[in-house]
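Me: Please pick one part of this structure and go through its surroundings closely. I am new to this, so give the cut-off for each term once. After that, show me how the part fits into the rest.

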Amino acid sequence: MNEDEIADKVYEERERIVDLYRNGPGDGTIIDPVDDPAINDYFKLDRFGFIVSDESKLKKEDPQEIKIEVTREQKWLKMISNWDGLSRDKLKRRIYKGIPNSLRGKVWAKLLGVDQLTDDQKNKYKHMCELAWEHSPDVRQIDLDVNRTYREHINFRKRYDSKQQELFNILSAYSIYNLDIGYTQGMSQIAALLLIYLSEDEAFWALSTLISDSKYYMHGFFIPGFPKLIRFQDHHDKIMNKLLPKLKKHLDKNGVETGLYTLKWFFQCFLDRIPFKLTLRVWDIFLFEGDKILSAMAYCLLKLHRHQLYALGMDDILNFLQVKLEQNYLHTADQTIEKLQECLVELKKHKLDSAGQPSQNERLKRELGIFNPDDIPVRKPHINGVDKKRKPTNTDQIHSSPEQDSQRQGSIITNGKNSLDDVSSIVGDSSRRSLLDTSVTSAATTTVSPQSIQNDDAGSDVTCVSPQPDVLRIYVPYDTPTKKSPTSVSNKITTIQVMDEMATPTVETDGMFKTVSTIN
């Protein structure tokens, strides 16, 4: 297939996907039955709008907490009406006590300066959407990720419904607005969280602030090389060595490196790693304080749970940090926030409250919102600087479920299930929750290391090539269908380094693990 034919295919696919979000699916569109909102679980919702499959697990709100929140609403309404006259100390006290959920959107908009941006940039978002529908090379990957973002939330449950349309529009528009990043996986869930509390236009400008404002500067998390992630992981190690040396030694002894559990903590400010109610409280403080909260909250969680972690081995540690913390969190939100405040004081005392200034390669290189079609050549979709060729799809059918999506792109399959949620543009995704949704038993965890990692296990079957700054580290419990697994299988760490951006990742199977090699 020559370049013109490839360009035609890319254009046709983008046009087809955009039409689905703008006009809705036609009669011939195939949508997975799981995505049908008429299923029984549809009407069992918690207070935040999430579907609860087991009604017995629907947590009842404490009447006293509800009474306190109602009382706080009146105070917050007065504060919002006099926002410019508020003292920082008063605002800080109120935020740490908790923002009423009914007013969270209004407060977030104030903290992020969204009102000013929407006034200053009238019609800019609409213009970026129109440009993206015509030119964005990331539309296909955005479509795949929209379909697996917060699907258990009522707002995003129905395929191609209004909130999915808004999420698609925001991510597509931003892929043109910030050409340094385009679209990178991990952004979809952040945008979806914002959409739960903000309008479409507000959520776009809120996302832009989080990525480009110096207070948060998530730009460094999403550009190739992950420079901010590396900087924060290094800082986390300093905190651990200084303040939790015993736990750090225990984690090291069990092969649990910082990158194996901090990816989602730092990339998405703890989304899906702690209960949603607590996540919102942390996001309230994050929007007020800035990115120093990421390091403080990571330290707080490990300090709170260090005694449980001492008793666990590698698999159980990862399962605890990636799964159990969210599902069976033993502390109340108020208790955790009180401990977080103590941790902030402690870190400041030891001069560890900041991860330092961003390096030059974390900073924006192009002016935001300036677009020239010549700047967007037809290119292969990518994830964080790793390009991947994709085969043309059958345009007569729209596969809507993540399971069907995985059949349209290269996948690593584990016993019939996709095994790597974190880098689904490379290997597919069976998760219904979100990108970067990982667990020890059903998914892999990616880490990024500034240095190449040597493989000391002579028996490990891993295809490696010359080192690059980006190292994709995969933890995949894998039972091969062609060999009988032993009673007890120890999981391994597979390190994959991609030598050539133009190379096509392929999948090979050998023994207990699937390994990825590159073919030039």
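Reply: Contact, or touching, means here that heavy atoms lie within 4.5 Å. The part I have picked is Asp291 and what surrounds it, in a predicted model where local features need pLDDT of at least 70, side-chain atom pairs count only at pLDDT 80 or more, and totals for chains, interfaces and linings use all residues. Residues are numbered from 1 along each chain as its sequence is written, and side-chain values use heavy atoms, with hydrogens and water left out.

Asp291 sits in the loop between α15 and α16 (helices are DSSP runs of H or I with at least four residues, strands are E runs of at least two, and both are numbered from the N terminus). Asp291 is buried, at a relative accessible area of 18% (buried is under 20%, exposed over 50%, partly exposed in between, with a 1.4 Å probe and protein chains only). Leaving out residues up to four places away in sequence, Asp291 touches Lys215, Tyr216, Lys228, Phe232 and Phe286.

Take Lys228 from that list next. Lys228 belongs to helix α12, which runs over residues 227-243. With a relative accessible area of 0%, Lys228 is buried. Beyond its neighbours within four places in sequence, Lys228 is in contact with Asp291 and Glu362, and also with Tyr216, Tyr217, Met218, Gly220 and Phe221. A further link runs along the chain: Lys228 and Asn361 are 133 residues apart in sequence, yet their C-alpha atoms are 9.2 Å apart in space.

Two loop residues in this part of the sequence have an unusual backbone angle. Most residues other than glycine have a negative phi. Tyr217, one of the contacts of Lys228, instead has a positive phi near 45 degrees. Tyr217 is found in the loop between α10 (200-212) and α11 (219-222), and is buried at a relative accessible area of 10%. Phe226 also has a positive phi, near 50 degrees. Phe226 lies in the loop between α11 and α12, and its relative accessible area of 10% makes it buried.

Now follow another contact of Asp291, namely Phe286. Phe286 is among the members that touch the most others in the largest nonpolar core, together with Leu210, Trp265, Phe270 and Trp283. That core holds 124 residues (a nonpolar core is a set of buried Ala, Val, Leu, Ile, Met, Phe, Trp, Tyr and Cys residues joined through side-chain atoms within 4.5 Å). Helix α16 (residues 292-304) gives the most to this core, with 10 residues. Trp265 has contacts with Phe270, Arg273, Leu294, Ala298, Leu301, Leu302, Leu321 and Leu325, not counting residues up to four places away.

The helix on the other side of the loop of Asp291, α15 (276-289), is also part of the cover over another helix, α4. Six of the eight residues of α4 (residues 104-111) are buried, so α4 is largely enclosed by the rest of the structure. Those six are Arg104, Gly105, Val107, Trp108, Ala109 and Leu111. Besides α15, their cover includes α2 (63-81), α3 (88-97), α5 (114-120) and α9 (187-197). Helix α9 is itself mostly covered, with 11 of its 11 residues buried. Just after α4, Gly113 takes a positive phi of about 65 degrees.

Other residues with polar side chains can be read in the same way. Lys248 is in helix α13 (residues 245-253) and is buried, with a relative accessible area of 11%. Its contacts, not counting residues up to four places away, are Asp237, Met240 and Asn241. His250 lies in α13 too, and is buried at 15% relative accessible area. Beyond four places in sequence, His250 is in contact with Leu309, Tyr310, Leu312 and Ile317. The C-alpha atoms of His250 and Leu312 are separated by 9.2 Å, although the two residues are 62 apart along the chain.

Last, the chain as a whole. It has 21 helices and eight strands, and of its 520 residues 55% count as buried. Of contacts between residues at least 6 apart in sequence, 72% join residues at least 24 apart.
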